[in-house]
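Biologist: Please take a close look at one part of this model, namely the way its strands are paired, and set that part in the context of the whole chain. I should like a connected account that I can follow on the display.

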Amino acid sequence: MSETPETFIDVLDAAPEAKDGDFPAATRVLTADGATMVVFTFAKGQRLDDHHAPHPLTVQVIEGCLTFTVEDRDHHLKPGRVLHVPEGVVHSVHADHRDAIFLLMLST
């Protein structure tokens, strides 16, 4: 079998099972040329408190909905919406309505 330059990922298949507690389950699904992808599965009420990333990030909800707060601005993400956050900007995530699967893409 020959190797190809692209990587195909079925995010829903790769998503971890939701877990109990305050914080979501997460699994890294890709570390490749200039990119890292992490899939989070949130249960209703779970959150990621204020933090920042050392690289720019792009986020997308694959299933469900989340509130993604950048500094003091709330963005209600659902499938079809994408948000980009520059490196070092404080942000947080909260699953306030229902379960959600969330894809984080870092440009490294």
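Modeller: Two strands are taken to pair if DSSP finds at least two bridges between them. The model is a predicted one, and the pairing of strand S5 with strand S8 is a convenient place to begin. Four bridges link S5 and S8, and the two strands run antiparallel. Within this pairing, Thr69 lies opposite Ser92 of S8. Strands of a sheet pair through backbone hydrogen bonds, in either a parallel or an antiparallel manner.

S8, which covers residues 91-94, also pairs with strand S3, residues 47-51; this second pairing is antiparallel as well and comprises three bridges. There His51 has His91 of S8 as its bridge partner.

Returning to S5, this strand spans residues 66-70 and includes Thr67. Is Thr67 buried or exposed? Its relative accessibility is 7%, and because the limit for buried residues is under 20%, Thr67 counts as buried. Which residues surround Thr67, apart from those within four places in sequence? The contacts of Thr67 beyond that range are Asp74, His75, His76, Ser92, Val93, His94 and Asp96. Ser92, Val93 and His94 in this list fall within the span of S8, residues 91-94. With one of the listed residues, His76, the side chain of Thr67 makes a polar contact of 3.3 Å.

The model also contains an open sheet of five strands, in the order S1-S2-S9-S4-S7 and with antiparallel pairing. Its edges are formed by S1, residues 25-32, and S7, residues 82-85, each of which pairs on one side only. On average, neighbouring strands in this sheet are turned by 20° against each other, with direction ignored. In a regular strand the side chains alternate between the two faces of the sheet.

Inside that order, S2 (residues 35-42) and S9 (residues 100-107) are joined by eight bridges and run antiparallel. Ala35 has Ser107 of S9 as its bridge partner. Gly34 belongs to the loop between S1 and S2. At 34% relative accessibility, Gly34 counts as partly exposed, because it lies in the range between buried and exposed. Setting aside neighbours within four places in sequence, Gly34 touches Leu106, Ser107 and Thr108. Gly34 and Leu106 are separated by 72 residues in sequence, whereas their C-alpha atoms are 8.2 Å apart in space.

The pairings can now be placed in the chain as a whole. The protein has one helix and nine strands, and along the sequence they follow the pattern α-β-β-β-β-β-β-β-β-β. Its radius of gyration is 14 Å, close to the 13 Å given by the globule rule for 108 residues, so the protein is as compact as a globular protein of that length. Along the principal axes, the C-alpha atoms fill a box of roughly 45 × 30 × 25 Å. Of the 108 residues, 38% count as buried. Among contacts with a separation of 6 or more, 64% come from residues 24 or more positions apart.

Finally, an unreviewed UniProt entry annotates residues 39-102 as "domain: Cupin type-2". In the model this stretch is 58% strand and 0% helix, and its end C-alpha atoms lie 6 Å apart.

Terms used: Residues are numbered from 1 along each chain as its sequence is written. This is a predicted model: local features need pLDDT of at least 70, side-chain atom pairs count only at pLDDT 80 or more; totals for chains, interfaces and linings use all residues. Side-chain values use heavy atoms; hydrogens and water are left out. Axes are lines fitted to C-alpha atoms, for helices over the stretch in contact, and angles run from 0 to 180 degrees between N-to-C directions. Buried means under 20% relative accessible area, exposed over 50%, partly exposed in between (1.4 Å probe, protein chains only). A polar contact is a pair of N or O atoms within 3.5 Å; within protein, one must be able to donate a hydrogen and the other to accept it, and residues adjacent in sequence count only if both atoms are side-chain atoms. Contact means heavy atoms within 4.5 Å. UniProt positions are given in the numbering used here, feature names are shortened, and annotations may be inferred rather than shown by experiment. The radius of gyration is taken over C-alpha atoms; the globule rule is 2.2 Å times the number of residues to the power 0.38.
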